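The exercises below concern a protein with bound ligands. Work each task from the coordinates before reading its solution.

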Amino acid sequence: MSPLPGVVPWPPELAERWRALGYWRGETFGSMLRERAAEHPERPALVAPAGGPIQDTGTTPVGSSATGAADARWTYGELDERADRIAAGLRALGIRRRDRVVVQLGNESAFVETVFALFRIGALPVFALPPHRRTEIASFVAQAEAVAYVVGGPVPGFDPRELAAEIQAEHPTLRHVIVAGDATAPAGARHPFVALDDLRAHPRPYSAIVDTPHDRGGWAPTPDEVAFLQLSGGSTGVPKLIPRTHDEYLYTLRRSAELCGLTPASVYLAALPVAHNYPLSSPGIMGAFYAGARAVLAPSPDADTALGLVARERVTITGVVPPVALVWLDAVAGGTVEHDLSSLEVLQVGGAKFSAEAARRVRPTLGCTLQQVFGMAEGLVNYTRLDADEETIVTTQGRPMAAHDELRVLDEDDAPVALGESGALLTRGPYTIQGYYRAEEHNARAFTPDGWYRTGDLVRLTPRGDLVVEGRDKDQINRGGEKIAAEEVENHLLAHPAVHDAAVVAMPDPYLGERTCAFVVLRDGVDPPRPVELRRFVRGRGLADFKVPDRVELVDAFPRTNVGKVSKKDLRLLAASRAQAPA
Ligand code: AMP
Ligand code: DBH
């Protein structure tokens with residue numbers, strides 16, 4: 001089959017190389033789950049809370065703890081059967097191979113069965129995150145020309161069904177809204193909504209319609225096809241979509257499972273929203289399934305909920321972002337939560353830089369091994385090795401997982417820095433993408449002509465080949481692991497009638513690492529809005545809450561560089577000096 005339009009295909013000689021070297025083994029998600037279910041149908045695959053997820057937590061902890069008992073307990077056989085029924089239901093709706101489907105579900109069992117169903121029919125999930133709102137979802141639907149949008153039930157302050165009806169009214173490609181829960185459509189909705197329960201009740205499983213995982217009739221995807229579209233944290237106006245193929249992504253699961261020490265006896269706890277690349281694949285729930293292990297979905301990363309699940313489910317490994325790790329360390333050290341953590345072997349921390357100081361507390365406080373993870377949805381993932389010495393574990397962000405991951409550390413003129421010096425990281429290898437989806441112009445900047453991806457991260461390499469993340473040269477804020485493109489927020493501020501210019505930068509935060517500070521120049525002669533009104537205005541534009549500027553500063557003009565550009569460097573210094581002052 002010809003490649004999906006808008007996807008930069010792997011050059012054939014490289015694809016051949018990754019196959020010859022054994023990275024790509026001709027697996028698909030559909031065949032993987034089918035094989036596991038055939039090998040050990042009775043083995044537990046998934047534990048998920050009955051009450052559904054607490055939405056809108058982003059990747060940072062919420063104050064309250066969840067009460068939902070973990071109810072769904074599915075074996076591999078059951079998961080496979082459920083995915084198969086839903087796949088048949090999706091097909092009966094008319095959803096076809098290569099169709100794009102925006103999935104916005106939290107840490108609930110519906111996420112897992114739905115994405116496996118989509119994989120099985122070769123439709124591509126677009127992995128929206130729970131905090132995303134109108135502008136993000138509309139942009140994903142438009143970029144992907146999505147035919148369906150899968151949502152969960154309402155949460156306090158947000159009914160995704162209302163959003164779905166609104167989006168559907170504006171996007172004619174969006175034929176179906178599928179609800180994991182009560183599928184009553186709001187009054188005035190263009191079409192009736194479909195309940196996931198009804199899809200699951202399909203009389204014939206998909207495998208009865210289509211028999212082989214790689215069937216010749218073109219009903220199931222081949223390993224070289226794009227399996228899904230992941231989101232980029234981005235540095236541009238709207239998040240870019242990242243096409244990942246079955247073959248290369250399944251390699252990342254296989255290798256991650258190995259480097260994270262997964263065995264069939266392992267229990268992985270997803271404490272962050274599972275749609276994110278990290279809890280999905282590093283090793284994440286998908287790595288756990290690959291290894292025939294068990295995945296547990298936590299409805300929230302707060303210490304009591306997540307650590308309570310560690311104790312109850314005998315969790316062996318989990319992955320969090322630095323602020324969550326800090327909360328857990330403090331909760332355990334301070335005795336505010338007292339759960340039995342003796343099963344926990346590995347705590348992964350990644351998504352943003354974890355300070356060496358905090359890293360040193362992990363083993364003595366939690367009694368487990370720390371694994372730092374420096375990854376990106378575009379591909380490259382680095383892990384500290386579980387058997388590395390403690391100093392390497394606490395002071396580096398690991399080394400690439402594949403022997404054939406190539407790294408370059410370059411200065412501002414794209415010349416290699418001296419070994420050990422800090423510079424911009426470029427990479428290519430057996431699972432790093434060749435380009436974003438439908439983004440020709442952006443790809444020309446983000447990739448070199450010979451296929452290197454410019455990560456936008458500033459790193460240095462230690463003499464032993466480990467990476468230390470030193471900063472960033474992309475215009476992005478990393479708010480405790482949640483990435484915010486400055487330009488995206490600036491565009492929303494510029495839409496305010498009183499705003500003449502806006503510049504968004506990071507300001508240091510002891511807990512999140514960074515928060516956002518928006519500097520705003522007002523138009524002459526306007527009635528000046530208060531900072532809080534500008535924040536409210538941005539929120540009212542319908543975007544994820546974590547993107548609303550934490551602080552807004554009104555200034556008369558921006559500092560400029562020699563060539564007259566806004567000096568974000570100076571603004572960051574200014575933001576840092578004001579970070580202590582009351583907002
Ligand atoms: P994304 O491209 O949205 O998937 O985000 C990936 C980015 O997150 C990387 O390019 C880094 O900027 C950041 N990141 C991920 N893990 C780490 C880490 N352990 N330390 C520092 N930054 C990280
Ligand atoms: O931040 C990330 O995107 C990330 C972090 C750790 C990631 O994509 C991953 C591991 O796979």
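**Exercise 1. Sort the shell around ligand 1 by residue class and find its polar contacts.**

Step 1. The shell around ligand 1 holds 6 nonpolar, 7 polar and 5 charged residues. Here Ala, Val, Leu, Ile, Met, Phe, Trp, Tyr, Cys and Pro count as nonpolar, Asp, Glu, Lys and Arg as charged, and the others, Gly among them, as polar. A residue is near the ligand if one of its heavy atoms lies within 4 Å of it.

Step 2. This is a predicted model, in which local features need pLDDT of at least 70 and side-chain atom pairs count only at pLDDT 80 or more, while totals for chains, interfaces and linings use all residues. Residues are numbered from 1 along each chain as its sequence is written, chains are lettered from A and ligands numbered from 1 in the order in which they are written, and side-chain values use heavy atoms, with hydrogens and water left out.

Step 3. Of the 18 residues in this shell, those that come nearest are Gly-233, Val-373, Ala-377, Asp-457 and Lys-483. Strand E14 (residues 369-376) provides the largest share of the shell, 4 residues; helices (H or I, at least four residues) and strands (E, at least two) are DSSP runs, numbered from the N terminus.

Step 4. Look for polar contacts, meaning pairs of N or O atoms within 3.5 Å. The side chain of Asp-457 has a polar atom 2.5 Å from an oxygen atom of ligand 1. For the side chain of Glu-378, the distance from an N or O atom to a ligand oxygen is 2.9 Å, and for that of Lys-483 it is 3.3 Å. Ligand 1 taken alone exposes 500 Å², of which the protein buries 95%; accessible areas come from the Shrake-Rupley method with a 1.4 Å probe.

**Exercise 2. Which elements give two or more residues to the shell around ligand 2?**

Step 1. List the shell: His-276, Asn-277, Tyr-278, Ser-282, Gly-351, Val-373, Gly-375, Met-376, Ala-377, Val-381 and Lys-483 surround ligand 2. By class there are 5 nonpolar, 5 polar and 1 charged residues.

Step 2. Add the polar contacts. An N or O atom in the side chain of Ser-282 is 2.7 Å from an oxygen atom of ligand 2. Backbone N or O atoms also approach ligand oxygens, at 3.4 Å for Met-376 and 3.3 Å for Ala-377.

Step 3. Assign elements: helix H10 (277-281) and E14 each give two or more residues. E14 gives the most, with 3 residues.

**Exercise 3. Describe the contact between domain 1 and domain 2.**

Step 1. The domain assignment, automatic or from a database, gives domain 1 as 12-350 and domain 2 as 476-577. Their C-alpha centres lie 33 Å apart.

Step 2. With contact taken as heavy atoms within 4.5 Å, 22 residues of domain 1 and 21 residues of domain 2 take part.

Step 3. The two domains bury about 1600 Å² between them, 51% of it on carbon and sulfur atoms. Buried area is the accessible area (1.4 Å probe) that two parts lose on being put together, summed over both. Thr-135, Gly-237 and Pro-323 supply 23% of what domain 1 buries against domain 2, more than any other three residues.

**Exercise 4. Find a cis peptide bond and a positive phi in the backbone.**

Step 1. Recall the background: most residues other than glycine have a negative phi, and most peptide bonds are trans.

Step 2. The peptide bond from Ser-282 to Pro-283 is cis, with omega near -10°. Pro-283 sits in the loop between H10 and helix H11 (284-290).

Step 3. Glu-145 has a positive phi, near 45°. Glu-145 belongs to the loop between helix H5 (134-144) and strand E5 (148-151).

Definitions and conventions
A polar contact is a pair of N or O atoms within 3.5 Å; within protein, one must be able to donate a hydrogen and the other to accept it, and residues adjacent in sequence count only if both atoms are side-chain atoms.
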